[in-house]
There are 2 protein chains.
Amino acid sequence: MLSPEAVSEAHKRIAPFLNRTPLVQSNILEEMLYEKNRVKHTIIFKAEMLQKVGAFKARGALNTLLEQKEKGTMPKEVVAYSSGNHAQGVAWACGMLGVSCQVFMPEFTSFIKQQATRSYGAKLTLTKTRAEAEELTAKAQEAGAFFIPPFDSDAEIAGQGTACLESLQDGANPNAVFAPCGGGGLLCGTYLAAKGFNPGIKVFGVEPIQANDASISVKTGKIFRFPAAPETIADGVRTPAVSPRTFEYLKKIDGFYEIAERDIIYWTQWLNHLLKLTVEPTSALGMAAADKWLDAQTQPQRVLVILSGGNIDKKTWEQIWQEDHLQNNPGTLRSKILNAVQS
Amino acid sequence: MLSPEAVSEAHKRIAPFLNRTPLVQSNILEEMLYEKNRVKHTIIFKAEMLQKVGAFKARGALNTLLEQKEKGTMPKEVVAYSSGNHAQGVAWACGMLGVSCQVFMPEFTSFIKQQATRSYGAKLTLTKTRAEAEELTAKAQEAGAFFIPPFDSDAEIAGQGTACLESLQDGANPNAVFAPCGGGGLLCGTYLAAKGFNPGIKVFGVEPIQANDASISVKTGKIFRFPAAPETIADGVRTPAVSPRTFEYLKKIDGFYEIAERDIIYWTQWLNHLLKLTVEPTSALGMAAADKWLDAQTQPQRVLVILSGGNIDKKTWEQIWQEDHLQNNPGTLRSKILNAVQS
């Protein structure tokens with residue numbers, strides 16, 4: 001396992017090239033939660049949809065390459081596979097540093113992610129399946145290309161941890177941090193940054209119920225793998241399994257929350273509405289878990305929620321807006337409103 | 001007509017209570033426009049969806065009340081009617097200053113706007129029609145309540161102009177500014193701020209083709225009124241006519257653009273995608289017009305687009321995502337991408 005200093009070092013390396021994404025809050029959200037819990041909690045969001053490529057993934061990819069540069073082993077050719085934001089992060093980092101980049105993507109990947117990956121200058125090849133993308137990546141690697149994995153590397157973990165580190169530097173001062181868990185890169189980095197800064201901060205991982213492999217793995221003490229990418233609207237966490245490397249961290253965090261699809265959609269709608277930021281379903285996981293955790297807290301808490309990104313395609317927008325959850329707010333405000341109408 | 005100083009004075013008055021909303025840019029957007037025009041333009045957005053109540057409307061309402069306070073005529077009871085963001089602005093300003101507030105809204109107003117108006121503490125009464133809302137407002141006014149009109153007052157105009165003023169103070173330094181035009185409050189304030197700061201800045205108003213009453217009025221020299229609120233997805237500019245007061249300013253601006261519904265939706269999708277901010281259709285009008293204006297520019301231009309707000313309900317989200325415009329980008333990047341696939 002890395003030391004927390006690895007995150008600070010990553011931050012020094014990558015910060016000059018990245019956006020310092022803001023911490024944001026919503027008074028209305030906090031009032032709604034107060035009406036429900038009768039305890040005044042503070043919810044602070046780290047807005048990584050405002051990061052380069054619209055997601056935290058730019059951090060780990062850039063850290064990986066700059067670390068190579070420092071070692072004097074800057075690759076000439078980079079290869080990656082991804083059906084999500086990782087491809088964009090790698091393509092962007094390579095484009096900025098002038099490194100040639102080859103990305104393999106399953107053809108079901110949304111057009112906007114293909115388009116963005118190409119717009120950063122990467123050579124994109126579509127494959128029939130994810131397995132084929134991995135296979136072609138392995139071949140490119142054998143042929144000499146430098147492989148940047150989506151989460152299973154120290155450089156990725158340290159890079160992703162910088163989102164939490166910045167939040168702490170900027171005064172978030174949380175009692176608890178919530179981050180989504182796919183392969184575990186963001187969550188492990190968050191764990192390092194939070195515990196390194198203040199061991200008293202609780203760190204929670206969040207998964208969809210339908211993609212709860214990390215939670216199962218931690219409960220059983222053995223890495224559980226879905227036979228295929230699990231179906232969930234939170235497309236950033238469809239990774240079938242964590243890796244032995246990330247599992248070491250995940251065993252140590254304070255707990256996992258598993259969120260129903262309906263609750264993911266509910267919080268996606270509400271966070272888009274209240275924050276006026278594009279909150280992709282994966283980003284809503286943290287708030288859904290925080291809401292559950294806060295239900296059991298009798299003392300005021302300060303919560304940091306890492307909003308992982310904001311890349312949403314037409315199909316996902318349609319899924320998000322099938323029902324109208326804005327009519328049912330997180331507190332009891334609605335009943336108050338209905339009373340007000342009657343009076 | 002007001003002098004530009006009225007906007008600076010309004011700003012001193014209201015700034016301590018409001019968010020200093022950021023100026024944002026998109027590299028990808030600018031690259032796409034470059035690919036189309038072969039001239040490097042700069043597009044700067046003023047992000048008023050990040051203002052209190054999610055729209056610029058908080059500015060004018062607050063300025064109105066604080067001006068009364070300065071004069072020692074602070075009302076005890078405020079009344080307003082609105083089917084949109086104005087109600088929220090008035091309710092919020094009253095709530096913050098501890099003034100009792102009564103809002104009349106036609107019952108077709110979206111639930112989220114009703115909910116927000118109530119959450120700021122206003123007493124909300126739903127009416128069958130907009131005419132009935134206006135009638136009840138007039139009665140409340142006769143009974144002694146202080147009426148805050150949606151746009152037809154000096155205090156509103158000066159207040160709305162502060163969004164542009166802040167942009168100029170923050171270094172936007174534009175050659176041209178684009179703002180949507182409903183009743184004209186935002187556009188008139190923008191005109192004052194821009195011309196007062198630098199008379200060389202061009203100021204353009206933007207309307208949906210289907211709600212082009214201001215444009216018709218300026219062309220014919222006489223205020224044109226739609227018999228009813230015109231139908232458009234840009235629900236912030238459905239006002240049937242401008243007022244004699246705002247018309248005086250509108251006659252002097254550099255021109256009007258009329259935007260097709262399809263183009264409003266196109267730019268709503270693209271701005272939500274590129275900026276990761278919630279851009280309501282009314283906000284997209286300015287970019288749609290800027291795109292048209294830039295097509296005719298042979299020299300690099302700096303453009304300021306006022307994004308008016310970000311309040312979108314389920315029905316409007318569904319309308320926005322009926323087609324997928326993200327597959328057709330603003331430049332010729334798409335053809336480049338398709339070539340890249342083939343090569």
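Me: Why is A:Lys276 called buried in this predicted model?

Reply: A:Lys276 has 25 other C-beta atoms within 10 Å, and since a residue is called buried once 20 or more other C-beta atoms lie within that distance of its own, A:Lys276 counts as buried. The residue is placed in the loop between H12 and helix H13 (281-295) of chain A.

Me: What makes the backbone of A:Lys276 worth a remark?

Reply: A:Lys276 takes a positive phi of about 60 degrees although it is not a glycine. Most residues other than glycine have a negative phi. The position with this positive phi comes just after H12(A).

Me: How do you know whether H12(A) has the span expected of a helix?

Reply: The expected span is 1.5 Å times one less than the number of residues, and for H12(A), with its 15 residues, the expected value is 21 Å. The distance from the first C-alpha of H12(A) to its last is 21 Å, which is close to that expectation. As for its surroundings, H12(A) is mostly covered, with 13 of its 15 residues buried.

Me: Where else does a residue other than glycine have a positive phi, and why is B:Val53 called buried?

Reply: B:Val53 is not a glycine, yet it has a positive phi of about 65 degrees. It lies in the loop between E2 and helix H3 (57-70) of chain B. With 27 other C-beta atoms within 10 Å, set against the 20 or more that the term requires, B:Val53 is buried.

Me: Why is A:Pro240 called partly exposed?

Reply: A:Pro240 has 16 other C-beta atoms within 10 Å, and because a residue is buried at 20 or more and exposed at 12 or fewer, A:Pro240 falls in between and is partly exposed. It lies in the loop between helix H10 (213-220) and helix H11 (244-250) of chain A. Leaving aside residues up to four places away in sequence, A:Pro240 touches A:Asp213, A:Arg225, A:Phe226, A:Ala228 and A:Ala229. A:Arg302, by contrast, is 62 residues apart from A:Pro240 along the chain, and the C-alpha atoms of the two are separated by 32 Å.

Me: What makes strand E7 of chain B an enclosed strand?

Reply: Five of the five residues of E7(B), residues 176-180, are buried, so the strand is largely enclosed by the rest of the structure. In a regular strand the side chains alternate between the two faces of the sheet. In E7(B) both faces are covered, with B:Ala176, B:Phe178 and B:Pro180 buried on one side and B:Val177 and B:Ala179 buried on the other.

Me: How do you know that E7(B) and strand E8 of chain B pair?

Reply: Two strands pair if at least two bridges are found between them, and E7(B) and E8(B), residues 202-208, share five bridges in the parallel sense. One of the residues involved is B:Ala176, whose bridge partner in E8(B) is B:Lys202. Strand E2 (residues 42-47) and strand E10 (residues 302-307) of chain B also pair in the parallel sense, over six bridges, and B:Phe45 stands opposite B:Val305 in E10(B).

Me: Why are strands E1 and E9 of chain B called edge strands?

Reply: Six strands of chain B form an open sheet in the order E1-E2-E10-E7-E8-E9, with mixed pairing. E1 (23-24) and E9 (255-259) each pair on one side only, and this makes them the edge strands.

Me: What makes chain A as compact as a globular protein of its length?

Reply: The secondary structure of chain A comes to 15 helices and 10 strands. Its radius of gyration is 20 Å, and the globule rule gives 20 Å for 343 residues, so chain A is as compact as a globular protein of that length. Of these 343 residues, 57% count as buried.

Me: How do you know how the two copies are related?

Reply: A turn of 180 degrees with a shift of 0.0 Å along the axis lays chain A on chain B with an RMSD of 0.0 Å, and the two copies are therefore related as by a two-fold rotation axis. Among the residues of chain A, A:Leu277 comes closest to that axis, its C-alpha being at 2.2 Å.

Terms used: Residues are numbered from 1 along each chain as its sequence is written. Chains are lettered from A and ligands numbered from 1 in the order in which they are written. This is a predicted model: local features need pLDDT of at least 70, side-chain atom pairs count only at pLDDT 80 or more; totals for chains, interfaces and linings use all residues. Copies are superposed by least squares on the C-alpha atoms of residues with pLDDT of at least 70 in both. Helices (H or I, at least four residues) and strands (E, at least two) are DSSP runs, numbered from the N terminus. The radius of gyration is taken over C-alpha atoms; the globule rule is 2.2 Å times the number of residues to the power 0.38. Two residues are in contact if their C-beta atoms, placed from the backbone, lie within 7 Å.
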